[in-house]
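Visitor: I would like a close look at the nonpolar core of this protein, set in the context of the fold as a whole. Please take me through it step by step.

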Amino acid sequence: MSAARDAHASRRIGIAALITVVLAWGLVWPVNKVLLESFSPLWAIAIRSAIATVVLIIIALARDRLVLPPPADVPVVLSLALLHMVGFGVLAAWGLQLVPTGRSVVLAYTTPLWVVPGAWLFLHERPTARRIAGVLVGLVGLGVLFNPTTFDWTQRAAVLGNGAIILAAFFWAASILHIRGHRWRSTPLDLVPWQMLLATAIVTSLALTLDGVPVVTWNGRLIALLLYAGILGTALAYWATAMASRNLPAVTTSLGLLATPVLSTIVATLWLGEPLTLALVAAIVLILGGVAIGATAGEHQPVAR
């Protein structure tokens, strides 16, 4: 009876955490789009990461888990900081400045599609027929987005922006592959503060070098958006993802997170007035459908942000 109660409580915690992640990440894409009106992509990421670092360190101290990473985990700290938090974060922000929010988040969520061939090439994981089918369905969705009848290939900014987000998805996929191949000594949640701290130092240095000190007209709305992006959209989302992954089956978490780009697209349409085109809806169905097919092919399918 006690075991059943514990399992039920664990599931409730996991579901609550999963809902938290979907809401936090679903809203953070439109929020970031608005922040890019005041900051360069580098400064938007640097400030958001700095806020998240402070919050994650406070969480670690409250859990009595703020300890230096063991040497065996240093490579994964460097990998996640450079590939995910810096590589993905900066490229996605730069692309988001040029590409509508809904399209941006859908392109970012192609990440699990690239993990499948990467796992085959680098981790020697033989893809199942179901996962191959999922990749093919997702690629059809990409074809819909880049159909010459709906996408103007002569617009250099649009091509570069879309390309940056797809490249960001490749960086994220590479970090996922490293996570899967790494032999952990600490837990992922214990390493997040150090990864975020390193990413903040790198991006802030780049921002100062390339963009200089930002000239910004500060107001309550801008500060509130930054706090949301740093606290809820980054720090709390990382913590909630760990809690959801710990208390729910991997398939449940993977499928639940697919609501994130749907929510982002809806919010961008209602709040930012971005058009919801038939091509975008079809791409959402196909790309997320392909990810869902792959996610239900086995319990080791990676979770997307």
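Guide: In this predicted model, the secondary structure consists of 12 helices and 0 strands, and reading along the sequence gives the pattern α-α-α-α-α-α-α-α-α-α-α-α. The radius of gyration of the protein is 19 Å, which agrees with the value near 19 Å that a compact globule of 305 residues would have, and the C-alpha atoms fill a box of roughly 60 × 50 × 35 Å along the principal axes. Within that envelope, 49% of the 305 residues count as buried, where buried means under 20% relative accessible area.

Turning to the core itself, the largest nonpolar core holds 80 residues, and the members that touch the most other members are W29, L35, F39 and L145. L35 repays a closer look: leaving aside residues up to four places away in sequence, L35 touches L222, L225, L226 and A229. These partners can be read beside the contact statistics of the whole protein, where, among contacts between residues at least 6 apart in sequence, 90% join residues at least 24 apart.

From the core one may pass to the outside, where the accessible surface comes to about 14,200 Å², with 70% of that area belonging to carbon and sulfur atoms. As for charge, the protein carries 18 positive and 10 negative side chains, and the centres of these two sets lie 6 Å apart.

Conventions:
Residues numbered from 1 in each chain as written. Heavy atoms only, no water. Helix = DSSP H or I, 4+ residues; strand = E, 2+ residues; numbered from the N terminus. Rg over C-alpha atoms; globule rule 2.2 N^0.38 Å. Buried < 20%, exposed > 50% of the residue type's maximum accessible area, 1.4 Å probe, protein only. Contact = heavy atoms within 4.5 Å. Areas by Shrake-Rupley, 256 points an atom, 1.4 Å probe, with all protein chains shown as cover. Lys, Arg positive; Asp, Glu negative; His and termini not counted. Charge placed at Lys NZ, Arg CZ, Asp CG, Glu CD. Core = buried A, V, L, I, M, F, W, Y, C linked by side-chain atoms within 4.5 Å.
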